[in-house]
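Reader: I've got a fold to go through with you. Can we start with the sheet and work outward?
Author: Sure, let's bring it up.

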Amino acid sequence: MVNSYELDGYDLTNLFSKNSKAISFDDDLKQHVPSTGSIIYTIWDKKGVFIYVGIAGIQSDPTKRQGLTRLKAHASGRRSGDQFCIYVHDFYVLPKLVSSGDYTPKRGLLDDLTKDYIRSNLTFKVKGFDGENSDSVVRSLEDKIKRGVFDIPAPVLNGVERLQ
């Protein structure tokens with residue numbers, strides 16, 4: 001069992017500890033997401049399964065970095081332009097529709113179902129970084145976390161196999 005959640009000298013306890021607060025996508029995200037800088041975040045299902053790692057606030061100009069927009073996009077459930085929402089739709093929402101056999105096309109319905117699923121079943125944890133190199137820090141951490149760290153498997157939706 002890992003007691004320390006440190007990677008490349010950065011304390012990531014709030015991203016992985018079972019004792020750290022999980023934030024609902026239905027909450028006021030502005031209350032939980034740093035307003036400036038780069039962020040890295042982990043997304044978990046109700047059972048505590050690690051399903052996704054993401055980053056935001058990676059603009060080249062450090063004064064324009066902020067991560068709130070990305071998490072708001074995830075919370076919206078809109079699949080257009082949001083890979084996380086597409087994954088949630090494809091892996092969680094669509095299988096339920098197929099198994100129920102009950103689907104009548106309606107504009108916006110699939111996005112609404114995706115939004116409902118995200119807000120009802122998923123939570124996130126976030127860590128902010130400031131400074132000139134905050135974008136490269138979160139990029140590097142995300143790449144490593146996608147392979148699995150701290151005896152935690154790689155995220156279900158966007159993980160990659162560990163290098164041997």
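Reader: How many bridges pair β4 and β6, and in which sense?
Author: β4 and β6 pair over 8 bridges, in the antiparallel sense. This is a predicted model, so treat every value as computed from it. One opposite pair there is I40 and K127 in β6.

Reader: And β4 with β5?
Author: Antiparallel again, over 6 bridges. I39 stands opposite A56 in β5. The two strands, β4 and β5, form a hairpin with 4 residues between them. G48 sits in the turn and has a positive phi of about 85 degrees.

Reader: What's the full strand order in that sheet?
Author: β3-β6-β4-β5. The sheet is open, has 4 strands and pairs antiparallel.

Reader: Which strands stand at the edges?
Author: β3 (23–24) and β5. Each has a single partner strand, so one side of each is left without a neighbour in the sheet.

Reader: Is β5 mostly covered or mostly open?
Author: Mostly covered: 7 of its 7 residues are buried.

Reader: How many bridges hold the other edge, β3 to β6?
Author: 2 bridges, and those strands run antiparallel. I23 stands opposite F124 in β6.

Reader: Now the helices. What lies across the sheet?
Author: α4 lies across β3, β4 and β6. It runs at about 75 degrees to β6. α5 packs on the sheet too, touching β4, β5 and β6. The direction of α5 makes about 30 degrees with that of β4.

Reader: Let's stay on α5. How far does it reach?
Author: α5 covers residues 134–145, which is 12 residues. From first C-alpha to last it reaches 16 Å, close to the 16 Å expected at 1.5 Å a residue.

Reader: Which of its residues are buried?
Author: In α5, S134, D135, V137, V138, L141, E142 and I145 are buried. They cover an arc of only 160 degrees around the axis, which puts them on the same side of α5.

Reader: What do they pack against?
Author: Several elements. The buried residues of α5 pack against β1 (6–7), β2 (10–11) and α1 (13–16), and also against β4 (38–45), β5 (50–56) and β6 (122–129).

Reader: Where does Y10 fit in?
Author: Y10 is in strand β2. It is partly exposed, with a relative accessible area of 28%. Leaving out residues up to four places away in sequence, Y10 touches Y5, F129, V137 and L141.

Reader: How far apart are Y10 and L141?
Author: They are 131 residues apart along the chain, yet their C-alpha atoms are separated by 9.0 Å.

Reader: Back to α4. What span does it have against the expected one?
Author: The 13 residues of α4 should span 18 Å at 1.5 Å a residue. The end C-alpha atoms are 18 Å apart, which agrees.

Reader: And its buried residues?
Author: L110, D111, T114, Y117 and I118 are the buried ones in α4. They cover an arc of only 125 degrees around the axis, which puts them on the same side of α4. The buried residues of α4 pack against α2, α3 and β6.

Reader: Which residues of α2 are buried?
Author: L68, L71, H74 and A75. They cover an arc of only 125 degrees around the axis, which puts them on the same side of α2. What covers them includes β4, β5, α3, α4 and β6.

Reader: What follows α2?
Author: G77, with a positive phi near 80 degrees.

Reader: Last topic, the cores. Which residues touch the most other members of the largest nonpolar one?
Author: I43, F84, V88, L122 and F124, out of 26 residues in that core. The elements giving two or more residues to this core are β4, β5, α2 (68–76), α3 (83–100), α4 (109–121) and β6. α3 gives the most, with 6 residues.

Reader: What does F124 touch?
Author: Not counting residues up to four places away in sequence, its contacts include K21, A22, I23, F25, L29, I43 and L71.

Reader: What other core is there?
Author: Apart from the largest core lies another one, of 18 residues. Among them are L7, F50, V138 and L141.

Key: Residues numbered from 1 in each chain as written. Predicted model: local features only at pLDDT ≥ 70, side-chain atom pairs only at ≥ 80, totals over all residues. Heavy atoms only, no water. Expected span 1.5 Å × (residues − 1). Buried < 20%, exposed > 50% of the residue type's maximum accessible area, 1.4 Å probe, protein only. Arc of directions from axis to C-beta. Contact = heavy atoms within 4.5 Å. Core = buried A, V, L, I, M, F, W, Y, C linked by side-chain atoms within 4.5 Å. Pairing = 2+ DSSP bridges. Axes fitted to C-alpha atoms, helices over the stretch in contact; angles between N-to-C directions.
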